Structure formats: C-alpha cells, structure tokens
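Biologist: I've got a model open and I'd like to learn how to read it feature by feature. Can you walk me through it?

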Amino acid sequence: MADFLLELLSEEIPARMQAKARADLERLFVAQLNDAGLKAGDITVYSTPRRLALIAKDLPDQTEAVSEEAKGPPEGAPDQAVDGFCRKNGVTRDQLEVHDVKGRATYFAVINRPGRATSDVLAEAIPAIIKAFPWPKSMRWGEASLSTESLRWVRPLSGIVAILGDDLVECEIDGVTSGYETVGHRFHHDGVVTIGNAGDYAEKLRACHVLVDQTEREAIVRDGAAKAASDGGLELVADEGLVIENAGLTEWPVPLLGGFDPAFLDVPEEVIQLTARVNQKYFICRDQSGKLAPNFICTANIDATDGGKAIVAGNEKVLAARLSDAKFFWELDQKTALEDHAKKLSNIVFHEKLGTVADKVERVAKLAEWLVSLEGNGFYQSSPGDTFHGEVSEAARLCKADLVTEMVGEFPDLQGLMGGYYAEKQGKSKAVANAIRDHYKPVGQGDEVPTDPVTVAVSLADKLDTLVGFFAIDEKPTGSKDPFALRRAAIGIIRLILTNGLRERLVDLAGMASAPYAESMIEGLDEDTRQSLLKKQFSEKLYLGFMDFIIDRLKVQQREAGVRHDIIESVTSLDSEDDLVRLLARVNALQAFVETPDGKNLLAGYKRASNILKKENVEQSDTKPLSYTPEKAEKALIDALDAAQPDVTAAIEAEEFEKAMTALANLRAPIDQFFEDVTVNDSDADKREARLALLARFRAAVHQVADFSKIEG
C-alpha cells in the first residue's frame with residue numbers, strides 16, 4: 001500500500017471555479033481508478049489560486065489479475081468468423097473452449113489479464129484526467145495553441161507533481177512532464193520546492209508560505225476579519241461568500257483593517273457595500289450603534305514587514321476612487337425626476353416580440369389598477385380609497401425608471417432599490433417608494449414576501465405580465481433552460497397570493513394579463529364574430545398552459561412543506577378550483593384526511609367503485625326510482641349519500657374543508673358494507689343498472705372534494 005500525490009500547477013485559477021474543480025478532480029480520479037479495478041482509501045483534494053492537488057491514501061501496488069470469458073460464434077461457423085474472433089481476443093484456435101449456450105455448442109475465449117503496476121495505471125490516468133477536465137472556461141497558450149487540438153486548461157499548465165509512495169509517476173502531456181518539484185508562495189519564496197511524498201506535501205508548502213487547505217484559509221479569513229474589526233472597536237458584517245472568495249484569491253491570507261472618508265456615508269449603504277464587495281472583495285463593518293462604519297477589511301496575500309500599512313493605504317486609495325464614482329452617480333441621478341427617467345424606457349427593448357420596457361410598464365400599471373379595483377380580494381386591508389389607487393398607479397408607472405439611472409447602470413443588482421431611494425428623495429409617499437424598491441420581491445424561495453398592499457399590487461402585476469407575456473409568444477421554459485426566469489416569476493406569484501390571502505381565480509388573472517396580447521396578435525379584427533372567437537381560443541389556450549405551469553411550480557414549492565403532489569393534482573383536476581388560497585386550504589384538509597384510517601378506507605372503496613365503473617363504461621350517475629326493494633347495505637349507502645352530499649356541498653361553499661372531510665368520512669362504513677353484502681353485477685338488469693348508478697353517485701359525491709383517482713395509495 002502507498003499514498004499518492006497529484007498536484008497540477010498553473011497560473012491563477014479564478015476563485016469562483018475552485019470548489020467545482022476540486023469536486024471534478026476527485027470524480028475523474030475515482031473514475032480512472034474504477035476502470036482499472038483500483039480503490040483508494042481516503043481521498044483529500046486541495047486548491048489554491050495556483051494549484052489543484054489530490055492525495056489518495058492506501059493505493060495497492062498493483063491491480064488484481066482477472067480472468068474473462070468472451071463469447072464467440074457457434075461451433076461449425078465459417079472459418080473466417082472464428083479466425084476473426086481469435087484475432088480480436090488475442091488467442092489461437094486451439095485455446096478456444098466450447099460451452100453449451102441454449103442447447104448449441106459455442107466457442108468461448110478465456111482471457112487472462114495479469115495485474116498491472118499501479119504506477120502504470122496512474123501514468124495513463126493523469127493525462128486522461130487533464131484532457132477531460134470540464135472547466136467552465138479554458139484556454140490554449142504558446143505556439144501549440146495554433147492548433148485546435150492543443151491542450152486546454154483554465155490557465156497555462158506549468159507543472160505536474162505525481163508521486164506514489166516515494167517514487168515518481170512518470171507522465172507527460174503537451175510538453176509538461178511530471179516531477180518532484182513545485183513552487184512556494186509567489187512573493188515569500190524564491191525557487192522550487194522539492195516534495196518527497198504525499199505525507200510531507202502540505203507541511204513543506206506551509207514552510208514556504210502556502211496553505212494548501214482551503215478550509216484552513218477560509219477560517220483565517222473569517223476569524224481574522226472579525227478580529228481586525230473587533231480590534232478597531234467595530235463589528236464585522238458577516239459574508240460567507242466573501243470568505244470563500246478571499247480564501248480562493250490567496251495562498252497566505254492576512255486580513256487588514258482600512259478606512260474611508262465618512263463623507264461617503266451619505267451614499268446609500270447598499271451602494272457602499274456593493275462597491276466594496278463586488279469591485280474590491282472587501283468586508284464592511286458597523287459601529288457599536290449598528291450603523292455602517294467608514295471602514296473595511298481587505299485580505300492581503302502576503303505577511304508584510306510593515307504590518308500591512310502600505311497595502312491598506314493602497315486599498316484605501318482604490319476604494320476612495322470607487323466611492324467617488326458612486327457618490328457622483330448618486331448625486332447626478334437625483335437631478336432628474338423619476339418621471340423623466342421613465343420616459344427613456346421607450347428606448348429599451350424588453351423583448352422584440354413584447355415591445356419596450358415602457359410598453360411593459362404601461363401593461364403593469366393597467367393590470368395593477370385592475371387588481372386593486374376588485375373588491376374582496378385582499379387589497380383593501382389598509383389605505384383604501386382614491387389615495388391608495390393613485391399610489392398604485394404612480395408606483396407601477398415609476399417602478400422601472402431606475403433602470404436608466406447611472407447607479408443601476410453601474411450596479412444592476414440595485415435595480416428597484418435605487419428607485420425607492422430616489423422616490424424618497426423626490427418626496428413620494430412611503431408606500432410608493434416601498435413599492436418601487438420591493439416590486440421585484442420575492443426573488444427566490446427564501447426571499448421576503450411583500451405585504452404592503454401597494455407593493456403587492458405592483459409586484460403581482462409585474463410578474464403576471466412577464467409570465468403571461470412570454471407564454472403568449474411561446475417562450476416557455478424547456479428542461480433546465482429558463483432564460484427569462486419564468487419559474488421564479490411563477491413562484492413569486494404563488495407566494496404573493498398565498499402570503500397575502502389574495503382571492504382571485506387564476507383564470508381571471510391570466511385573462512386580464514393576456515388581454516393586450518390577444519388584441520395585438522389576432523388577425524381579422526374587422527370581423528366581430530371571428531374576433532371574439534379567436535380571442536376566446538387564444539385566452540383559453542394561454543390559460544391552460546399558464547395554469548399547468550403555476551400548478552407545477554406550486555407542487556415544487558409545497559413539497560418542502562410536506563404537501564404531496566398527488567393531493568394537489570387531485571384538487572386541481574376539478575375545473576372550478578383555481579383560487580390558490582382556497583385550493584391550498586382544500587389540499588391541506590384532504591391530505592390530513594387521507595392519512596387517517598377513515599380516509600385510507602374511503603380511498604380504497606372509491607378506487608374499487610371507480611374500477612367497476614370504468615370497466616362498465618359508466619361516465620356519470622343517472623338515478624331513477626328503484627323498481628325493486630334495495631338490500632339493507634344498499635339502502636344504507638343511499639341514506640348515507642342523501643345525508644352527506646348536501647353537507648359536503650354546504651361545507652365546500654363555506655370553505656370549511658375539514659367539515660367536508662368529516663361528511664365524506666360518514667360514507668366509509670356504508671361503502672365498505674355495500675361491497676361486502678351487495679352484488680353489483682346482478683343478473684337482474686334493473687338491479688345492475690341501479691347499483692352502477694349508485695356507485696357513480698358515490699364517486700360524484702367524493703369528486704365534490706377532489707378527484708380521488710389522482711391520489712396514490
């Protein structure tokens with residue numbers, strides 16, 4: 001047994017690529033071992049900006065010998081076929097064995113493969129791993145790059161260390177040969193570092209100011225940044241993504257505290273944080289009162305002799321220039337009213353088939369105004385009246401205005417947020433400013449959901465217009481591709497509706513949102529009848545796709561809450577149920593019911609009844625006065641249905657779904673007894689027809705709640 005070290009040395013590997021590169025290196029290495037019949041003990045993978053490394057413990061000295069049988073042609077086959085089989089498997093004709101295969105004598109070649117030295121396997125595996133490496137972006141370099149067949153790597157590959165035990169694994173790829181030598185820190189260590197084996201790799205490099213373990217560097221960045229802030233009487237704003245990025249940018253991280261002119265604090269905090277984080281990879285700090293402090297933490301890649309003073313001074317100078325630009329943009333944008341910024345939206349194409357951003361804003365405004373004009377849908381919980389409607393209209397027409405500002409041009413992530421700040425500075429109401437700021441929310445499953453009525457109206461209208469618009473031009477997501485983030489828009493619609501208890505049917509929302517597209521896309525508008533028909537067909541087709549998409553997203557969203565997809569399917573199969581608030585209340589009540597003994601038994605009875613009706617091709621109940629005296633169990637089911645159906649209907653109309661389930665539960669015992677005592681397919685045609693109708697009536701009663709045929713179990 002021996003340990004194996006592989007190091008691939010190159011120019012700087014982008015920090016964002018290193019985590020996946022570590023995973024890919026281990027995956028490709030294990031695949032090569034598996035193909036050779038080898039298995040390692042523990043495998044550890046490291047990365048720094050200049051190297052990828054892997055240590056595999058306890059590799060055997062060689063692979064095991066194997067014996068394989070290859071099936072050939074049957075005995076008596078033409079000589080040409082038999083000789084070809086022998087050549088293919090490297091055997092002579094007299095070495096063939098004959099075995100019986102389904103009563104027919106068949107030639108077999110027994111191939112004995114001796115074990116191979118592990119070093120030979122690794123020598124072949126290393127170039128294969130390098131060639132197969134799936135970098136998101138790679139490059140060719142040097143004279144060889146004139147050929148498209150030359151080696152590609154994330155950055156020029158300069159060295160390979162490959163040691164098994166204490167022995168070199170000799171290999172070569174595109175002129176780069178393996179050896180014992182690597183390099184230390186770019187500034188702290190001149191010359192090469194000779195590695196003896198896997199056991200001394202990490203410590204030899206540590207002595208040369210290289211920490212190969214990324215988790216160790218992350219801990220130094222995380223703890224060191226917090227200590228630097230604390231030593232300055234400040235509190236670090238935690239940012240784990242920035243910890244990982246700084247660890248990926250350095251081989252010997254040293255966090256340092258710097259500062260900037262407090263005058264820059266007049267700029268919104270988010271702008272300062274983005275300027276420091278995105279452009280410079282700095283952490284920001286807060287003072288003891290929780291306010292943003294005029295300080296930052298940078299991460300040096302050297303242990304400077306002056307304690308980092310020169311490094312801090314240089315970083316302060318760079319950040320000051322960045323913040324000066326941000327302050328200039330902040331002040332310049334405020335010189336133009338949001339209304340005037342909004343006029344420039346007509347110059348920005350939203351989508352070639354959906355018009356400009358100005359067109360979208362107008363659609364969003366009309367849709368938002370329509371939403372808040374409907375009584376009883378949840379928008380009247382606060383600030384009703386003309387002021388409320390005016391705020392909705394104003395917020396909708398200004399919600400995209402900041403897209404043309406200098407600040408959002410520099411920092412696209414601040415769209416919405418800057419519009420909210422500019423609205424406040426312009427004297428707009430708090431509700432309007434909040435709606436502009438938050439109308440993109442929720443962005444993703446974990447994001448905050450707006451609850452202010454003005455914000456909800458604008459946010460919902462914006463997402464509805466986006467989703468319906470792209471469905472109207474048939475730009476739906478396919479597979480994993482979703483270039484217009486329509487899945488995210490659908491999740492946003494669902495969360496806005498459920499969180500705020502908005503009582504609107506999806507058919508109405510889709511219909512109103514699709515109206516502009518139906519009007520603009522349908523030909524023959526001069527013919528009134530044709531126009532109405534085509535509009536109806538367009539809307540119905542669009543609605544079906546929209547509804548299916550929303551329900552699919554609802555299933556995904558509710559899965560995390562433990563809601564079964566088949567229960568949602570059973571409720572949405574009812575054509576009338578597309579009020580999401582009511583739908584989910586019904587789903588939750590139904591799931592709780594079907595998991596009880598009554599629910600499980602009723603489901604079993606339903607499926608038995610449904611199977612009989614399907615076999616007999618009975619679509620619906622057609623009850624007639626009985627021409628015979630029903631049996632006791634038959635009469636009990638009739639009486640139970642007479643009692644349960646009106647109770648179920650009343651409970652559903654009152655949206656008391658638990659009561660509806662209780663009423664359904666009363667059918668459990670009668671249907672069980674019916675199947676126990678009554679022969680459905682009686683030889684008497686009248687009895688048979690009446691009993692099938694009774695089962696159809698039972699099925700219809702259950703369908704008042706949900707389509708139980710969709711429920712698994």
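Biologist: Let's start with burial. What percentage of the 713 residues of the protein count as buried?

Modeller: Keep in mind that this is a predicted model. With that said, 47% of the 713 residues count as buried. As for the surface, the protein exposes about 34600 Å², and carbon and sulfur atoms supply 48% of that.

Biologist: How many helices and strands does the secondary structure come to?

Modeller: The tally is 25 helices and 18 strands. For overall form, you compare the radius of gyration with what a globule rule would give: here it is 36 Å, well over the 27 Å the rule gives for 713 residues, so the protein is more spread out than a compact globule. Along the principal axes, the C-alpha atoms fill a box of roughly 105 × 95 × 55 Å.

Biologist: And what share of the contacts with a separation of 6 or more comes from residues 24 or more positions apart?

Modeller: That share is 70%.

Biologist: What about charge? How many positive and negative side chains are there, and how far apart are the centres of the two sets?

Modeller: There are 83 positive and 117 negative side chains, with the two centres 2 Å apart.

Biologist: Now a single helix. How does the reach of helix 8 compare with the span expected at 1.5 Å a residue?

Modeller: You take the first and last C-alpha and see how far apart they are. Helix 8 covers residues 309–333, 25 residues in total, and reaches 36 Å, close to the 36 Å expected.

Biologist: Which residues of helix 8 are buried, and what covers them?

Modeller: Going along the helix, the buried ones are Val312, Asn315, Leu319, Leu323, Ala326, Phe329, Trp330 and Asp333. Their cover includes two strands, strand 14 (254–259) and strand 16 (292–300), along with helix 7 (269–280), helix 9 (338–343), helix 12 (406–410) and helix 13 (417–425).

Biologist: Helix 13 turns up in that cover. What do its own buried residues pack against?

Modeller: They pack against helix 7, helix 8, helix 9, helix 12 and helix 14. The residues in question are Leu417, Met418, Gly419, Gly420, Tyr422 and Ala423. Just after helix 13, look for Gly427, which takes a positive phi of about 90°.

Biologist: Which residues other than glycine have a positive phi?

Modeller: Two to look up are Asn617, with a phi of about 60°, and Glu655, also with a phi of about 60°. Asn617 is in the loop between helix 21 and helix 22, while Glu655 is in the loop between helix 22 and helix 23.

Biologist: Where do those two fall on the scale from buried to exposed?

Modeller: Asn617 has 60% relative accessibility and so counts as exposed. Glu655, at 32%, counts as partly exposed.

Biologist: Helix 23 follows that second loop. Which of its residues are buried?

Modeller: In helix 23 (residues 657–665), they are Phe657, Ala660, Met661, Ala663, Leu664 and Ala665. Among the elements covering them are helix 20 (580–594), helix 21 (597–615), helix 22 (632–653), helix 24 (668–677) and helix 25 (685–703).

Biologist: Where is there a cis peptide bond?

Modeller: Omega is the angle to check. It is about -5° at the bond joining Lys441 and Pro442, which is cis. Pro442 sits in the loop between helix 14 (430–438) and helix 15 (453–472).

Biologist: Last topic: sequence distance against distance in space. How far apart are the C-alpha atoms of Ile129 and Thr106?

Modeller: They are 40 Å apart, with the two positions 23 residues apart along the chain. Ile129 lies in helix 3 (residues 118–132) and, at 2% relative accessibility, counts as buried. Leaving aside residues up to four places away in sequence, Ile129 touches Leu25, Leu28, Phe29 and Gln32.

Biologist: What does Ser138 touch?

Modeller: With residues up to four places away set aside, Ser138 touches Arg152, Trp153 and Val154. Ser138 lies in the loop between helix 3 and strand 7 (157–164), and its relative accessible area of 28% makes it partly exposed. From Ser138 to Leu151 is 13 residues in sequence and 9.6 Å in space, C-alpha to C-alpha.

Definitions and conventions:
Residues numbered from 1 in each chain as written. Predicted model: local features only at pLDDT ≥ 70, side-chain atom pairs only at ≥ 80, totals over all residues. Heavy atoms only, no water. Helix = DSSP H or I, 4+ residues; strand = E, 2+ residues; numbered from the N terminus. Rg over C-alpha atoms; globule rule 2.2 N^0.38 Å. Buried < 20%, exposed > 50% of the residue type's maximum accessible area, 1.4 Å probe, protein only. Contact = heavy atoms within 4.5 Å. Areas by Shrake-Rupley, 256 points an atom, 1.4 Å probe, with all protein chains shown as cover. Lys, Arg positive; Asp, Glu negative; His and termini not counted. Charge placed at Lys NZ, Arg CZ, Asp CG, Glu CD. Expected span 1.5 Å × (residues − 1).
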